[in-house]
Amino acid sequence: MRRNRAPEIEIKTPAQLELMREAGLVVAQMLRATSEAAGPGVSTADLDAVARQVLRDAGAKSSFLGYHGYPATICTSVNCQIVHGIPDAGVKLAAGDLLSIDAGAIVGGWHGDAAVTIAIGAASDSALALLAACELALWRGIAAARLGARLTDVSRAVEESAESSGEYGVVREYTGHFIGSAMHMDPPVPNYGRPSRGPALLTGMAMAIEPMLTLGDRRTRLLDDEWTVETQDGSLAAHFEHTVAITEEGPWVLTAVDGGAAGLRQMSELTREPVARGA
Ligand code: MF3
Ligand code: CO
């Protein structure tokens with residue numbers, strides 16, 4: 001009954017991290033291609049086809065397709081949907097929509113997982129502020145994912161950032177996760193909580209950090225499709241995610257094309273702290 005035992009977190013060798021980096025770059029391409037294809041009149045199923053093509057061209061596999069029966073290659077969550085929306089030929093995007101695109105890829109058995117939320121056409125100022133707050137919270141969390149920190153230092157950094165950006169709901173029922181030879185690995189990575197708790201972050205660990213913010217209440221509801229998660233109060237939601245490896249040189253953002261260099265530089269400029277590594 002190993003109830004009191006700390007969960008064992010998978011430590012990756014440098015060669016395994018290189019495979020995760022390849023997977024991460026495929027994910028980055030999937031998000032870029034689908035974001036570019038998204039627009040008024042385009043269906044979320046069209047975007048799924050774009051993501052499938054990127055995977056095919058890269059010779060990679062989807063982390064999502066078939067995962068607990070999940071029927072698609074990406075998740076597309078529109079407006080009050082927070083995460084895990086299923087691409088649907090009947091769901092056509094319109095100007096002013098917020099769209100979260102979440103993608104995962106497997107290369108050589110190793111996973112990458114990331115998400116962005118974008119505005120279709122012109123969005124309201126409050127919607128754009130929500131996106132900015134969520135993306136900033138992600139990068140604050142990433143900047144906290146370094147040697148010497150413990151798991152909930154990341155959680156608290158995300159939450160503190162969201163709180164200081166405005167009156168946002170910070171979703172609690174869904175979390176980030178460790179990642180590597182599987183997409184979802186224990187322990188979960190909450191986007192709230194007291195700092196300095198949980199396992200120490202060590203070289204070779206990798207985690208998916210994924211804040212979900214709303215313009216209203218933080219409570220969620222699961223739709224009848226048993227996948228789509230939306231806000232209970234119908235408020236707009238945003239979701240950003242990156243896969244991050246812990247290295248001697250600092251956080252390595254495996255799903256960012258530049259390895260996180262630009263985002264981390266911005267974070268250190270905001271706080272005037274010494275900074276991390278590049279690609
Ligand atoms: N990136 C998502 C997450 O970590 C995974 C989507 S679930 C799936 O929550 F079933 F679509 F794979
Ligand atoms: Co994830």
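This is a short chat about salt bridges in the structure above.

Q: What kind of model is this, and how are the residues numbered?
A: This is a predicted model, in which local features need pLDDT of at least 70, side-chain atom pairs count only at pLDDT 80 or more, and totals for chains, interfaces and linings use all residues. Residues are numbered from 1 along each chain as its sequence is written, chains are lettered from A and ligands numbered from 1 in the order in which they are written, and side-chain values use heavy atoms, with hydrogens and water left out.

Q: How many salt bridges come out?
A: The count comes to nine salt bridges, each being a side-chain nitrogen of Lys or Arg within 4 Å of a carboxyl oxygen of Asp or Glu.

Q: Which residue does K12 pair with?
A: K12 pairs with E10, and their closest N and O atoms are 3.1 Å apart.

Q: Is K12 buried or exposed?
A: K12 is buried, with a relative accessible area of 6%, while E10 is partly exposed at 23%; buried means under 20% relative accessible area, exposed over 50%, and partly exposed in between, with a 1.4 Å probe and protein chains only.

Q: Switching topic, where do E36 and R32 lie?
A: Both lie in helix 1 (residues 14-37), four residues apart, about one turn of the helix; helices are DSSP runs of H or I with at least four residues, numbered from the N terminus. E36 and R32 form a salt bridge with the closest N and O atoms 3.0 Å apart.

Q: And what does R156 meet in a salt bridge?
A: The side chain of R156 meets that of E163, at 3.4 Å from N to O, and salt bridges that share partners join R156, E159, E160, E163 and R172 into one network.

How values were computed
Helices (H or I, at least four residues) and strands (E, at least two) are DSSP runs, numbered from the N terminus.
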